[in-house]
Amino acid sequence: MELTKPIKIGNLNLKNRVVMAPVKTGYATLEGQVTEELIQYYVNRAKGGVGLIVLESAYVDLSGKEIPRQLGIYDDSMVEGLRHLITPLQEAGSKVAVYINHAGRIANPMVTKLPLIAPSPIACPTIGVEPQGIPHEDIKKWQNTYVKAAVRAYKAGADALEIQFGHGYLIHQFLSPHTNKREDEYGGSFENRIRFGIEILDEIKKEIGVDFPIIVRISADEFVPGGWALEDAIRLAKILEDKGVAAIDVSLGSSCESGAITLQTLGTQKGLAWEFASKIKEQVNIPVIAVGRINTPELAEEILVSGRADLVALGRPLVADPLFVEKAISGRSKEIRRCAACHQGCLDELRAGRRFGCNFNPSVGKEEEIEMQKASQPGKKVFIIGAGLAGLEAAYTAAARGHKVYIYEEKGEIGGQVLPGSVPPHKEELKSIVEYYKDVLPKVGITLNLNHKVTAEEIAKWEADEVVFATGGQPIVPPIPGLKEYGFLTAVEVLRGEKQAGDKVAVIGGGLIGMETADYLSEQGKKVMVIELLEEVARDMGVFEKILIMKRLKERGVEIYIKTRLKEVGKALLVETPEGEKELPLPDTIVLAVGLKPDPSLYEEVSKFLPQEKLHIIGDAREVRKIVHAISEGRNLGLSL
């Protein structure tokens, strides 16, 4: 495998060609100090066999911070904590690079309580606060924050340094003519715009020596009219090579104007970043790193074999499965929990102020992520009703801990709601978690019974130590006059392919499921309208996913009615709006997407004759939530048995 071949960047020998890309976790303290949680998170990835771990973005000054619990490197007091983080990763077999950055106009003023700085006073659309243009006399001051941070990384024992020159952050803001309108020697021409970053690089080399490997991350194109483009990136890459940079990490976009491309969210072109990396690689002789939704060993191998890049960087795929490399090397790639680029459990949770994690990996940063401990009393007979994600994870965890597990599923396949959830455009990779369970469940001895509807009478005859109800939820059907008489389909029926919608469709409900159903139907050429009671649609979607889906729906002419309630179905759709009642044309098909409600009926029936302590209810049967909550609840239950 090309993936496992050693490679040298500068004078640093790496055991393989897998780089862990920087992904902010929010596991540091409010002051930016290292925590045990952060150490455990990275140790798990080092144990998984990663050749080079690039730590998450460490801010070089308090004014450059993005999230409350971001890793810091702005003060000498951070050095000891960083050493405590770096050393165990090296002992586990990985080399470690510290990644330094200042967010500039992308910093979060609600977090920093400080003015934003940038080369020019141009606000980032996603922040909405105009930054202060850096006065000429302060240029050296801000450059020095990077230099001091680099020295701290060196003192902490890092094997290498990575500097952010891309993604619309401070150095990139100088590089790009879109954000740099300066008239001094740091603005205007290409040579002037790169000066800020190149001088930082030169000063760092003076301080820590020319032999210390430095990787530079660049955006090959920021996808902004009049902004930084591929030809600029190629010119810069050649200069960086001449300056003695050890490797170039090629990414795309700007977190302000093209954040979806930067974060490679669902709906963006998969593989685009690899092609740009290939174009950079053609022009330089130092190693080039490709990044962006490389979520299988097969993809990683293809990129390397085809010569697009010399190394591959995995960010979220290593969040989803820290043993990615080990499983790839040992021929167990089907056992990898594949990242689906959904952002729901990681970046969306982080933005919402909740714990960074993963939709598919419920134990991110915890000890059991690598080593599942056997139960203190193994051998229990555990019966699980329902093979949705909550039930499947509970089954896997309980079986891995030494219990005998039986799953009963009413339908003919496992996966529950994630199956229809993977049908809308760009959501197909969600189904990978089902393929994962199909592979691992037999390996831990689970007995799976499909097409089997369990009754309370049957449960009464089981010799069960524990009974788990993961029976899911049922679609909500609002009591709208005329609806049942006219007829309707549910979003789940449509997405499963169980029922076919006509050419003109009204989707009732504009949450995540409703908008994805509208996306799915409008892609087929159907005329679609969405009716939503609240003042906003797609409110439960991630910010970038919402931007992309709304763009697609607008292009296809989907009509969206907000603050609108379907009041009655008759010869037309009678709706109530803030302006009063009005009629909308009667569609061929009404699709209900107003959500699910828990279905605890079987649990409630059984609880009348079996002791409560042996009964458990999880997932949507308990409370309708997202994938991340279902799988986490399944894992937690499995650990408790």
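This passage walks through the cysteines, one set of paired strands and one helix pair of a predicted model.

The cysteines make a handy starting point. A disulfide is a covalent bond between the sulfur atoms of two cysteines. The model has one disulfide, and it joins Cys 124 to Cys 256, with the two sulfur atoms 2.1 Å apart. The pair ties together distant parts of the chain, since the two residues are 132 residues apart. Cys 124 sits in the loop between β7 (117–118) and β8 (132–133), while Cys 256 sits in the loop between β11 (247–251) and α9 (259–263). As for its geometry, the link is left-handed, with -120 degrees about the S-S bond. Both Cys 124 and Cys 256 are buried.

Two further cysteines tell another story. The closest cysteine sulfur to that of Cys 342 belongs to Cys 346, and because the gap is 6.3 Å, it is too far for a bond; the cut-off for a disulfide is 2.5 Å. Looked at from the other side, Cys 346 is in no disulfide either, its nearest cysteine sulfur being that of Cys 342 at 6.3 Å. Cys 342 counts as buried because its relative accessibility is 8%, under the 20% limit. Cys 346 comes out at 9%, so Cys 346 counts as buried too.

Next comes strand β26, which covers residues 589–592. Its side chains split between two directions: Thr 589 and Val 591 point one way, Ile 590 and Leu 592 the other. Whichever way they point, all of these residues are buried. Strand β26 also has partners to pair with. One of them is β19 (residues 489–490), which runs parallel to β26 and is joined to it over two bridges; here Thr 490 stands opposite Leu 592. Another is β20 (residues 504–508), again paired with β26 in the parallel sense, this time over four bridges. Within that pairing, Val 505 has Thr 589 as its bridge partner.

Finally, there is a pair of helices to look at. Helix α1 spans residues 36–47 and helix α2 residues 79–91, and their axes come within 9 Å of each other. The axes cross at roughly 20 degrees, so α1 and α2 are roughly parallel, as angles under 35 degrees count that way. The crossing of α1 and α2 is right-handed. On the α1 side, the contact involves Leu 38, Ile 39, Tyr 42, Val 43 and Ala 46. These meet His 84, Leu 85, Pro 88 and Leu 89 in α2.

Technical notes. Residues are numbered from 1 along each chain as its sequence is written. This is a predicted model: local features need pLDDT of at least 70, side-chain atom pairs count only at pLDDT 80 or more; totals for chains, interfaces and linings use all residues. Side-chain values use heavy atoms; hydrogens and water are left out. Buried means under 20% relative accessible area, exposed over 50%, partly exposed in between (1.4 Å probe, protein chains only). Two strands pair if DSSP finds at least two bridges between them. Axes are lines fitted to C-alpha atoms, for helices over the stretch in contact, and angles run from 0 to 180 degrees between N-to-C directions. Angles under 35 degrees count as roughly parallel, over 145 as roughly antiparallel, 65 to 115 as roughly perpendicular and the rest as oblique. A crossing is left-handed if the near helix is turned anticlockwise from the far one by less than a right angle, and right-handed if clockwise. Contact means heavy atoms within 4.5 Å.
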